Structure formats: C-alpha cells, structure tokens
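Hi everyone, thanks for coming. Let me show you the structure I have been looking at, and then walk you through a few places in it.

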Amino acid sequence: MDEKDLGNDLAKVLIPEADLQAKVRELAAQVDADYDGKDLLLVGVLKGAVMIMADLARALHSPASMDWMAVSSYGSGTKSSGVVRILKDLDTDILDRHVLIVEDIVDSGLTLSWLVSNLLSRGPASLEICALLRKPEAVTADLDVKYIGFDIPNEFVIGYGLDYAEKYRNLPFVGTLAPHVYGGDGA
Ligand code: 5GP
Ligand code: MG
Ligand code: MG
C-alpha cells in the first residue's frame, strides 16, 4: 500500500519512507556499537512494532534474537490507562539476557513503564528501549528511552506498523488521516 492508494483519505505524509529507512539504519548502527560482542535479544511489541522490528533487525550486523510480546493498554477510551494486560508473553527466558524493547511510539509512556517493570522483574542482564516515534507527552513520563527515531507533534499517526482500527499498518511511511476517515465531518 502506498500514498496513491489512500486517495483523499491521507491528510499528510509526516515521515517519508526514505527518512524512516535512513533513521532505522542510524539506530541500528548505534545498537551495533552499544552491544558489540553481546548476545542481544530484541523484544518487539505487537503489533505496531512489526515494521521497525523487521527493518531494525535486518540492518544490524550482529545475529540478534527476536521475540514478541502483545499487550493491551487501552480500555474503551483512547488514552492509556496504565492498566496493562499481557495478551502474548515472551517465549524466551530473559534471565541474564541483554534485552532491547522495540516499540512503535511512546505517547503517555504508561504502556512502556509497565513493560519495563514487568521485564525487569525477570532479571535481564540489561534492559533498554528503542522507540521509532515519541509524542510530546512522553517527555513528562519517567521513562528512559535510549534510542529514539523521531519526535512528532501530538497528532494521531498511522502507517509503518501503526494502525487506525487495524488498518494502514502496511503503509511504508508515517502520516495522518483526513478527518472524514474518522467520521469527524459526517462523510
Ligand atoms: P502510551 O501508553 O505510551 O500512551 O501508548 C502507547 C501505545 O498507544 C502505542 O504503542 C500505540 O500502540 C498507541 N498509540 C499512541 N499514539 C498513537 C498514534 O498516534 N497512532 C497510533 N496508531 N497508535 C498510537
Ligand atoms: Mg505499540
Ligand atoms: Mg493501535
């Protein structure tokens, strides 16, 4: 799926594909340097992190392991509650492992804060976070995100793993949707 397939559903492209790919290569180079000689386990948070996880992993020079977690943090509202449920746990025992959480976006940071304390209780050798996107509110969260792709404005974004109602994850760029897609203008 690409820009032309969206027609007038697309409001704007926020981060073009080439910028995403360049940034992922940059992040991979930092990760390679920081984990030199270490056995790295990438933990992708389903489903939003699928694209960044796949591209980051392929850009690494080390044979990193990959595992996945699925968590649910939203109730009926549109804001994180901080109450998180594990929908799919890791297959891997992370005791004494070097773990890097790979996330699509940090908004309130509540989901990641919960995930960090959950994973820390399992005794990893180290635990860091890589997030492709960060919204302004995340700055106020007590969360140390070591690797960040882009700081973005406080808008709802889709694409490159991020969905609206489970759609648009398969866009190669990050963008915003026109209001009529949300039913905002009655269209
Ligand atoms: P937080 O707990 O940091 O507030 O929420 C993080 C999760 O909410 C993200 O992993 C993502 O799934 C979802 N989320 C937050 N902002 C956006 C956004 O702008 N677009 C989409 N598609 N999901 C978002
Ligand atoms: Mg996510
Ligand atoms: Mg979502």
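**A short tour of the model**

Let's begin at the metal: both Glu103 and Asp104 are buried. Before I go on, please keep in mind that this is a predicted model. So what do these two residues coordinate? They hold the magnesium ion, ligand 2, through OE of Glu103 and OD of Asp104, at 2.4 Å.

Next, a pair of helices. Helix α2 covers residues 17–34 and helix α3 covers residues 50–59. Their axes come within 8 Å and cross at roughly 55°. How are α2 and α3 oriented to each other? With that angle, which lies neither under 35 degrees nor in the range 65 to 115, α2 and α3 are therefore oblique to each other. The crossing is right-handed.

Who makes the contact? From α2 we have Gln21, Val24, Arg25, Leu27, Ala28 and Asp32, and from α3 we have Ile52, Asp55, Leu56 and Ala59. If you sort the residues of this contact by type, you get 6 nonpolar, 1 polar and 3 charged.

Let's stay with α3 for a moment. Which of its residues are buried? They are Ile52, Met53, Asp55, Leu56 and Ala57. Besides α2, the buried residues of α3 pack against four strands: β2 (40–46), β3 (65–72), β5 (98–106) and β6 (126–134). Ile52, Asp55 and Leu56 are worth a second look, since they appear among the buried residues of α3 and also in the contact with α2.

Just ahead of α3 there is a detail of the backbone. The peptide bond from Leu46 to Lys47 is cis, and its omega is near -5°. Lys47 sits in the loop between β2 and α3.

Now to another loop, the one between β4 (85–88) and β5, where you will find Arg97. Is Arg97 buried or exposed? Its relative accessible area is 17%, and the cut-off for buried is under 20%, so Arg97 counts as buried. What does Arg97 touch, once we leave aside neighbours within four places in sequence? The list is Asp39, Leu40, Leu41, Ser65, Thr92, Pro124, Ala125 and Ser126.

My last stop is the loop between β7 (147–151) and β8 (174–177), home to Tyr164. This tyrosine has 27% relative accessibility, so Tyr164 is partly exposed. Not counting residues up to four places away in sequence, Tyr164 is in touch with Phe156, Ile158, Leu177, Val181 and Tyr182. To give you a sense of distance, the C-alpha atoms of Tyr164 and Asp91 are separated by 28 Å, and these two residues are 73 residues apart along the chain.

Two more residues belong to that stretch. Ala165 is also in the loop between β7 and β8, and its phi is near 50°, a positive value in a residue other than glycine. Glu166 is in the loop between β7 and β8 as well, with a positive phi near 70°, again in a residue other than glycine. How accessible are they? Ala165 has a relative accessible area of 56%, so Ala165 is exposed. Glu166 has 47% relative accessibility, so Glu166 counts as partly exposed.

That brings me to the end of the tour. Thanks for listening!

Methods
Residues numbered from 1 in each chain as written. Chains lettered and ligands numbered in written order. Predicted model: local features only at pLDDT ≥ 70, side-chain atom pairs only at ≥ 80, totals over all residues. Heavy atoms only, no water. Donors = N, O, S within 2.8 Å, 3.2 Å for Na, K, Ca; no water. Buried < 20%, exposed > 50% of the residue type's maximum accessible area, 1.4 Å probe, protein only. Axes fitted to C-alpha atoms, helices over the stretch in contact; angles between N-to-C directions. Helix = DSSP H or I, 4+ residues; strand = E, 2+ residues; numbered from the N terminus. Parallel < 35°, antiparallel > 145°, perpendicular 65-115°, else oblique. Left-handed = near helix turned anticlockwise from the far one by under 90°. Contact = heavy atoms within 4.5 Å. Nonpolar A, V, L, I, M, F, W, Y, C, P; charged D, E, K, R; others polar.
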